[in-house]
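Welcome to a short set of exercises on one protein chain. Have the coordinates open, try each task yourself, and then compare your route with the worked solution.

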Amino acid sequence: MRVISAWRATYVPALAVRAGDSVTPGRMDDDYPGWQWVTNASGLGGWIPASLLEGGRVASDFDTAELTVHPGMIVTSLKTRAGWHWCRDRTGNEGWLPASHLAPT
C-alpha cells in the first residue's frame with residue numbers, strides 16, 4: 001500500500017497485552033469507532049479493539065504499536081482491525097496505520 005498522509009506514532013512506549021491480561025477499560029475512541037482505551041496494572045495505556053475485551057480481561061494478544069510514515073512510502077498491510085492496518089515498512093518496522101492514510105499501490 002502507498003502512504004498518502006503522514007502519520008507519527010502517538011503513544012511511545014506502546015502497550016502490548018497478552019490473552020488473559022487484566023486491564024482497566026476506559027473511554028471509546030470518538031475518531032476511530034471500535035477502539036477502546038485500556039490501562040494495564042503498571043499504568044501504561046493504549047487503544048485496543050473493543051471486541052478484544054471481555055470485562056476487564058483481554059481475549060487475545062495485541063500490540064498497540066503505531067508506525068511513523070510519510071507520504072509516498074510503500075508499506076505492506078499484514079492485517080486489518082476496525083479501520084486500521086498493521087503494516088510493515090521496507091526496513092522491517094511494523095505498526096498500526098489508519099486506513100485513511102493508505103491507498104492501494
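**Exercise 1.** How many helices and how many strands does the secondary structure of the protein chain come to?

*Solution.* Before counting, note that this is a predicted model, in which local features need pLDDT of at least 70, side-chain atom pairs count only at pLDDT 80 or more, and totals for chains, interfaces and linings use all residues. Residues are numbered from 1 along each chain as its sequence is written, and side-chain values use heavy atoms, with hydrogens and water left out.

Step 1: apply the rule that helices (H or I, at least four residues) and strands (E, at least two) are DSSP runs, numbered from the N terminus. Step 2: count them, which gives zero helices and 12 strands. Step 3: read the elements in order from the N terminus, and you get β-β-β-β-β-β-β-β-β-β-β-β.

**Exercise 2.** Describe the overall dimensions and the burial of the protein chain.

*Solution.* Step 1: the radius of gyration is taken over C-alpha atoms, and the globule rule is 2.2 Å times the number of residues to the power 0.38. Step 2: the protein chain has a radius of gyration of 14 Å, close to the 13 Å that the rule gives for 105 residues, so it is as compact as a globular protein of that length. Step 3: along its principal axes, the C-alpha trace spans about 40 × 25 × 20 Å.

Step 4: with buried meaning under 20% relative accessible area (1.4 Å probe, protein chains only), buried residues make up 35% of the 105 residues. Step 5: taking contact as heavy atoms within 4.5 Å, residues 24 or more positions apart account for 53% of the contacts with a separation of 6 or more.

**Exercise 3.** Work out the strand order and pairing of the two sheets that contain strand 4 and strand 10.

*Solution.* Step 1: two strands pair if DSSP finds at least two bridges between them. Step 2: one open sheet of three strands has the order 3-4-5, with antiparallel pairing. Its edge strands, strand 3 (24–28) and strand 5 (45–49), each pair on one side only. Step 3: five bridges connect strand 4 (residues 35–39) with strand 5 in the antiparallel sense, and Gln36 has Ile48 in strand 5 as its bridge partner.

Step 4: another open sheet of three strands follows the order 9-10-11, again with antiparallel pairing. Here the edge strands are strand 9 (75–81) and strand 11 (94–98), each pairing on one side only. Step 5: strand 9 and strand 10 (residues 84–89) run antiparallel and are joined by six bridges; Ser77 has Cys87 in strand 10 as its bridge partner.

**Exercise 4.** Which residues form one aromatic cluster, and how are two of the pairs arranged?

*Solution.* Step 1: rings of Phe, Tyr and Trp (its six-membered ring) pair if their centres lie within 6.5 Å; planes under 30 degrees apart count as stacked, over 60 as edge-to-face and the rest as tilted. Step 2: the structure holds nine aromatic pairs.

Step 3: Trp7 and Trp84 are edge-to-face, 5.4 Å centre to centre with 85° between the planes. Trp7 lies in the loop between strand 1 (2–3) and strand 2 (16–17) and Trp84 in strand 10, so the pair ties together parts that are 77 residues apart in sequence. Both Trp7 and Trp84 are buried.

Step 4: Trp86 and Trp96 are also edge-to-face, at 5.3 Å and 70°. This pair links Trp86 in strand 10 to Trp96 in strand 11, 10 residues apart. Trp86 counts as buried at 11% relative accessibility, and Trp96 does at 3%.

Step 5: the cluster consists of Trp7, Tyr32, Trp35, Phe62, Trp84, Trp86 and Trp96.

Terms used
Buried means under 20% relative accessible area, exposed over 50%, partly exposed in between (1.4 Å probe, protein chains only).
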